[in-house]
Amino acid sequence: TAYINTTSSTPLAFEINNLEAMRISADGTTDFSYPVSIDTINEKTSAAGVTIDGVLLKDGAIGSIASAVAAHLTSINGGQIGGSRNLIINGKFSIFQRGTGATTINGNDVFAADRFKGWANGGGTYTVEQSTDVPNNEFEHSAKLTNTATDGSVAAGDNYRWATDIEGYNVSQLAYGHSDAKAVTLSFWVKSSLAGTYCGGLYSTHATRHYIYEYTISSANTWEKKTITVSSGDTTGSWNKTNGNGLRVYWGFGSGSNYQGTAGAWTAGEKWETSNQAAWIGSASATFYITGIQLEVGDVATPFEHESYGETLQKCERYFQRFVAGANYTGFSVAFSTSATSAKATLKFNGKMRAAPTISQSNTGFNYGPQVAFSSFNTLYTGLDTSWIDMNIASVGSAGQLGIWNGNNNGAAYVQMSAEL
């Protein structure tokens with residue numbers, strides 16, 4: 001080891017080819033005149049980290065920042081930084097256009113919360129409703145599922161599950177069905193009255209491919225956050241990447257042997273759970289709360305991506321819209337009679353829907369001075385953002401009566417449009 005000792009306050013300077021390359025001041029500060037290339041910087045004091053221009057780097061993370069630091073990132077977890085990072089719509093259950101009260105799930109494709117639907121094929125049933133029971137102050141609502149009729153011995157062909165379907169356009173970035181298919185991470189908060197092993201998964205109705213995952217609810221009646229990473233995207237099959245059903249994300253509550261498979265791998269066929277699934281549908285009055293659902297590109301779960309109520313509602317209305325009168329005679333559209341027993345109206349939607357919707361109504365009528373009810377109507381034309389309605393009404397005397405299509409003395413009257421997946 002060689003030493004250079006000096007008691008002078010004059011800095012020491014080192015030159016290369018008569019040009020100063022490095023200067024060491026009396027206080028130990030070292031200045032370099034040229035860029036420094038180095039592979040490793042080690043901390044002098046154990047566990048203290050290294051500070052570079054006011055930024056403390058410690059144990060692979062930024063420990064503290066003395067002043068503002070500009071971050072120049074090309075991605076988060078290999079996915080986009082801005083926009084809608086979360087592929088799930090209404091994951092914190094703020095939107096319940098069909099009503100926030102309990103909806104019974106009995107059969108197939110029964111909707112309650114917007115963008116979520118349930119199946120109950122067997123002797124059991126359950127309800128879904130909006131709840132204010134939440135894991136923390138970050139959330140205001142959750143979805144509450146309650147077992148209302150048990151199935152203690154699930155037959156081979158029976159199954160109970162709850163899911164959200166993601167449109168193909170919104171999951172095309174995952175490149176499923178190709179060699180460069182991406183990893184995704186699912187995270188959510190959950191609480192159940194029944195602890196144990198639960199199953200969920202990803203499924204393609206188009207490619208008929210599934211991936212089952214297991215997770216554990218450790219303590220009954222306690223909110224727990226779960227994170228599931230599907231590290232390998234599915235490279236097989238033909239996946240929908242347009243306006244059809246691109247990917248189903250589901251949670252299981254009991255399936256017969258016909259729908260049981262193996263967890264942790266993409267596989268052909270329609271399987272929903274493993275044989276380890278807790279017997280939630282067999283537990284009388286069992287409850288299951290869930291909120292904060294996020295599905296994102298990459299292998300790390302980032303904090304839940306919040307958005308405004310209006311943004312979430314607008315996304316939901318691509319698939320379902322319900323116009324509620326609110327007051328007894330509130331109008332939905334201008335209408336006019338084309339004969340003594342029919343009237344026509346144009347119905348304008350809130351933006352373009354996924355596909356031409358199915359339109360239905362409850363307790364509406366035609367008011368041209370007198371109020372008349374109608375029991376049915378025909379859709380003469382329906383597009384993505386408007387529909388031409390032909391109403392069958394009680395006699396109005398003659399054609400040419402100008403009026404409104406309205407709630408028939410019923411504030412709960414509604415017109416709804418459904419283009420659900």
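**Two loops, many rings and a buried glutamate**

N409 sits in the loop that runs between β27 (402–407) and β28 (414–418); strands here are DSSP runs of E with at least two residues, helices are runs of H or I with at least four, and both are numbered from the N terminus. The model is a predicted one, with local features needing pLDDT of at least 70 and side-chain atom pairs counting only at pLDDT 80 or more, while totals for chains, interfaces and linings use all residues. Residues are numbered from 1 along each chain as its sequence is written, and side-chain values use heavy atoms, with hydrogens and water left out.

Back to that loop: N409 is not a glycine, yet its phi is positive, at about 55 degrees. With 44% relative accessibility, N409 goes down as partly exposed (buried is under 20% relative accessible area, exposed is over 50%, and partly exposed is in between, using a 1.4 Å probe and protein chains only). S285 is another non-glycine with a positive phi, this one about 60 degrees. The loop holding S285 joins β18 (266–268) to β19 (287–297), and S285 counts as exposed because its relative accessibility is 54%.

Zooming out, the chain has 28 strands and two helices. Its radius of gyration comes to 30 Å, whereas a compact globule of 421 residues would be near 22 Å; the radius is taken over C-alpha atoms, and the globule rule is 2.2 Å times the number of residues to the power 0.38. Along the principal axes, the C-alpha atoms fill a box of roughly 115 × 55 × 40 Å. Buried residues account for 43% of the 421. Taking contacts (heavy atoms within 4.5 Å) between residues at least 6 apart in sequence, 71% join residues at least 24 apart.

As for the surface, the chain exposes about 19,900 Å², and carbon and sulfur atoms supply 48% of that; the areas come from the Shrake-Rupley method with a 1.4 Å probe, and for residues only the protein chains shown count as cover.

Then there are the rings. The structure holds 27 aromatic pairs, where rings of Phe, Tyr and Trp (its six-membered ring) pair if their centres lie within 6.5 Å, and planes under 30 degrees apart are stacked, over 60 edge-to-face and the rest tilted. Y126 and F253 make a tilted pair, since their ring centres are 5.9 Å apart and their planes meet at 55 degrees. That pair links distant parts of the chain, with Y126 in strand β10 (residues 125–131) and F253 in strand β17 (residues 245–255), 127 residues apart. Y126 is buried at 0% relative accessibility, and F253 is buried at 1%.

F374 and W405 form a tilted pair too, with 6.3 Å from centre to centre and 55 degrees between the planes. F374 belongs to strand β25 (residues 371–382) and W405 to strand β27, so this pair ties together parts that are 31 residues apart in sequence. Both of these residues, F374 and W405, are buried. Ring pairs also build a cluster whose members include Y126, F253, F93, F116, W162 and F188.

Last comes E305, which is found in the loop between β19 and α2 (309–316). E305 is buried, its relative accessible area being 17%. Setting aside neighbours within four places in sequence, E305 is in contact with Q294 and with G83, S84, R85 and N86.
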